[in-house]
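Reader: I am a first-year student, and I would like a close look at one part of this structure. Please start with the network of charged side chains and work outward from there.

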Amino acid sequence: MLRSDLLDSIRCITKAYEKILKKVCAVYGINLLEAKIISFLHNNPEKNTAGDISEYRMLSRGNVSQAIDRLIRLGLMARRRDEADRRRVYLYLLPASEPVTSMMDGEWDKFNTMLFSGFSLKEKELYDGFRDRLVFNARSVLEDDDK
């Protein structure tokens, strides 16, 4: 495989995913970063700090902070300070975000169906194994850089 093939594949799938998020953005008047934040919190409620979002989605902390402020103003999200450690601030989606997350889930289902169109169950299972191994190996590379 050429070096650029893997990166091009990742970019193509990412762009396709962003295309479905942009549909949600157009309906609910939010931008792509805000949609990514809502999607992340919806799918990862236990990773609910701005730092978690920045780290896991590899997004700028400043941009994430600005987007969170806007989502709070829109009434889609709230902050809550940790009582034991006042420096920690947790983020929560509010009930008003449910139509947004519902549309995201529906668009994701359509996207996932299209993405894996023509794959047998065995091929999907193989893909899952390959993906898990690729991610494990990529994380190993990241950890090696930290040493």
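Author: Start with three residues. Lys-15, Glu-18 and Lys-36 are linked in a network of salt bridges. Keep in mind that this is a predicted model. Side chains of opposite charge can pair when their charged atoms come close.

Take one pair from the network. The side chains of Glu-18 and Lys-36 form a salt bridge, with N and O 2.8 Å apart. This pair links distant parts of the chain. Glu-18 sits in helix H1, Lys-36 sits in helix H2, and 18 residues separate them in sequence.

Is Glu-18 buried or exposed? Glu-18 counts as buried, because its relative accessibility is 11% and the cut-off for buried is under 20%.

Now look at the helix that holds Glu-18. H1 covers residues 3-28. H1 has 26 residues. From its first C-alpha to its last, H1 reaches 38 Å, close to the 38 Å expected at 1.5 Å a residue. Glu-18 has buried company in H1: Ile-20, Leu-21, Val-24 and Cys-25. What covers the buried residues of H1? The cover includes H2 and H5. After H1 comes Gly-29, with a positive phi near 65°.

H1 also has residues at the surface. Asp-5 lies in H1. Asp-5 is partly exposed, because its relative accessible area is 33%. Along the sequence, Asp-5 and Phe-116 are 111 residues apart. In space, their C-alpha atoms are 19 Å apart. Next, find the nonpolar surface patch. Leu-6, Leu-7, Ile-10 and Leu-134 make this patch of about 350 Å². H1 gives the largest share of the patch, three residues. Leu-134 belongs to helix H6, residues 121-146.

Go inside next. The largest nonpolar core has 19 residues. Ile-30, Ile-37 and Ile-53 have the most contacts inside this core. The elements that give two or more residues to the core are H1, H2 (32-43), H4 (61-73) and H5 (98-115). H2 gives the largest share, five residues. Which residues does Ile-30 touch, leaving out those up to four places away in sequence? Ile-30 touches Cys-25, Ala-35, Ile-38, Arg-70, Leu-71, Leu-74, Leu-76 and Val-100. One of these, Cys-25, is also among the buried residues of H1.

Back to the charges. How many salt bridges does a search of the whole structure find? The search finds eleven. Glu-107 and Lys-110 form one, with the closest N and O atoms 3.0 Å apart. Both residues lie in helix H5, and about one helical turn separates them because they are three residues apart. An α-helix has 3.6 residues a turn, so residues three or four places apart point the same way. The burial of the two partners can be checked in turn. Glu-107 counts as buried, because its relative accessibility is 8%. Lys-110 counts as partly exposed, because its relative accessibility is 48%.

Asp-132 and Arg-131 form another salt bridge. Their closest N and O atoms are 2.9 Å apart. Asp-132 counts as partly exposed at 46% relative accessibility. Arg-131 is partly exposed too, with a relative accessible area of 32%.

Finish where we began. Glu-18 is a buried residue, and its salt bridge with Lys-36 links H1 to H2.

Technical notes: Residues are numbered from 1 along each chain as its sequence is written. This is a predicted model: local features need pLDDT of at least 70, side-chain atom pairs count only at pLDDT 80 or more; totals for chains, interfaces and linings use all residues. Side-chain values use heavy atoms; hydrogens and water are left out. Helices (H or I, at least four residues) and strands (E, at least two) are DSSP runs, numbered from the N terminus. Buried means under 20% relative accessible area, exposed over 50%, partly exposed in between (1.4 Å probe, protein chains only). Patches are made of residues with over 30% relative accessible area and no salt bridge: like charges are joined within 9 Å, nonpolar side chains (Val, Leu, Ile, Met, Phe, Trp, Tyr) within 5 Å. Accessible areas come from the Shrake-Rupley method with a 1.4 Å probe; for residues, only the protein chains shown count as cover. A salt bridge is a side-chain nitrogen of Lys or Arg within 4 Å of a carboxyl oxygen of Asp or Glu. A nonpolar core is a set of buried Ala, Val, Leu, Ile, Met, Phe, Trp, Tyr and Cys residues joined through side-chain atoms within 4.5 Å. Contact means heavy atoms within 4.5 Å. The expected span of a helix is 1.5 Å times one less than its number of residues.
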